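Open the model in your viewer and keep the sequence panel visible. This tour tells you what to select next and what to look for there.

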Amino acid sequence: MKHPLRIAVGGDHGGFELKEQLRDYLTSLGHSVEDCGTSSKEHVDYPRIAQEVASRGVTVNAVAPGFVETAMTAALTDAQKAKLNDQIPLGRIGQPGDVA
């Protein structure tokens, strides 16, 4: 492999098996993979896993991206947006370009 990548993966209990398969596949290609959890099918809060991955400067691509800046979120007050941002691992509402 010319340029192996450093990749962080994480998922909640519902995505545990897929995360395991993805980690193993990426490792087999020669990439360095950091597994940020979860480590079982036991119920886990996804935001905790997202925070773990985000702490490494990685954006998280998820099926449920949470709040994304739209006309609807533009109607929120600055105080409401600040309260939401405090609960989002990356500290900001998503942008349309963040969602694949």
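A residue counts as buried when its relative accessible area is under 20%, as exposed when that area is over 50%, and as partly exposed in between. The model on screen is predicted.

**Stop 1: the whole chain**

Show the chain as a cartoon. There are 4 helices and 2 strands, and along the sequence they follow the pattern β-α-β-α-α-α. The C-alpha trace spans about 50 × 35 × 20 Å along its principal axes. Of the 100 residues in the chain, 22% are buried. Now consider the contacts between residues at least 6 apart in sequence: 61% of them join residues at least 24 apart.

**Stop 2: the two strands**

Select residues 6–9, which form strand β1, and residues 32–35, which form β2. In which sense do β1 and β2 pair? The pairing is parallel, over 4 bridges. To see one bridge, select I7 together with V33, its bridge partner in β2.

Now add residues 16–28, helix α1, to the selection. Together β1, α1 and β2 make a β-α-β unit, and this unit is right-handed.

**Stop 3: helix α1**

Keep α1 selected and ask the viewer for the distance between its end C-alpha atoms. The distance is 18 Å, which agrees with the 18 Å that 13 residues should span at 1.5 Å a residue. The expected span is 1.5 Å times one less than the number of residues.

Next, colour F16, K19, E20, R23 and L26, the buried residues of α1. They lie on the same side of α1, because they cover an arc of only 140° around the axis. Among the elements covering these buried residues are β1 and β2. Turn the helix around and select L18, Q21 and S28: these are exposed, on the other side of α1.

Move along to G30, which follows α1. The phi angle of G30 is positive, near 100°.

**Stop 4: two residues in α1**

Select R23, a residue of helix α1. Which side chain does the side chain of R23 join in a polar contact of 2.9 Å? The partner is D35. Leaving aside neighbours within four places in sequence, R23 is in contact with V9, V33 and D35.

Then select T27, also found in helix α1. Is T27 buried, exposed or partly exposed? T27 counts as partly exposed, because its relative accessibility is 43%. Add I93 to the selection: T27 and I93 are 66 residues apart along the chain, and their C-alpha atoms are separated by 32 Å.

**Stop 5: T38 in a loop**

Go to the loop between β2 and α2, where α2 is residues 46–54, and select T38. Is T38 buried or exposed? Its relative accessibility is 8%, so T38 counts as buried, the limit being under 20%. Show the residues that T38 touches, not counting those up to four places away in sequence: G11, D12, H13, F16, K19, V44 and I49. Of the residues on that list, F16 and K19 have already been coloured as buried residues of α1, and I49 comes up again at the next stop, among the buried residues of α2.

**Stop 6: helix α2**

Select I49, A50, V53 and A54, which are buried in α2. Look down the axis of α2: its buried residues fall within an arc of 135°, so they line one face of the helix. Bring β1 back into view, since the buried residues of α2 pack against β1.

**Stop 7: R56**

The last stop is R56, in the loop between α2 and α3, the latter being residues 71–74. R56 is partly exposed, because its relative accessible area is 36%. Which residues does R56 touch, not counting those up to four places away in sequence? They are A8, E34 and C36. The side chains of R56 and E34 make a polar contact at 2.6 Å.

Finally, add G91 to the selection. R56 and G91 are 35 residues apart in sequence and 14 Å apart in space, C-alpha to C-alpha.

How values were computed:
Residues numbered from 1 in each chain as written. Predicted model: local features only at pLDDT ≥ 70, side-chain atom pairs only at ≥ 80, totals over all residues. Heavy atoms only, no water. Buried < 20%, exposed > 50% of the residue type's maximum accessible area, 1.4 Å probe, protein only. Contact = heavy atoms within 4.5 Å. Pairing = 2+ DSSP bridges. Right-handed = clockwise from strand over helix to strand, strands pointing away. Polar contact = N/O pair within 3.5 Å; in protein donor to acceptor, adjacent residues only side chain to side chain. Arc of directions from axis to C-beta.
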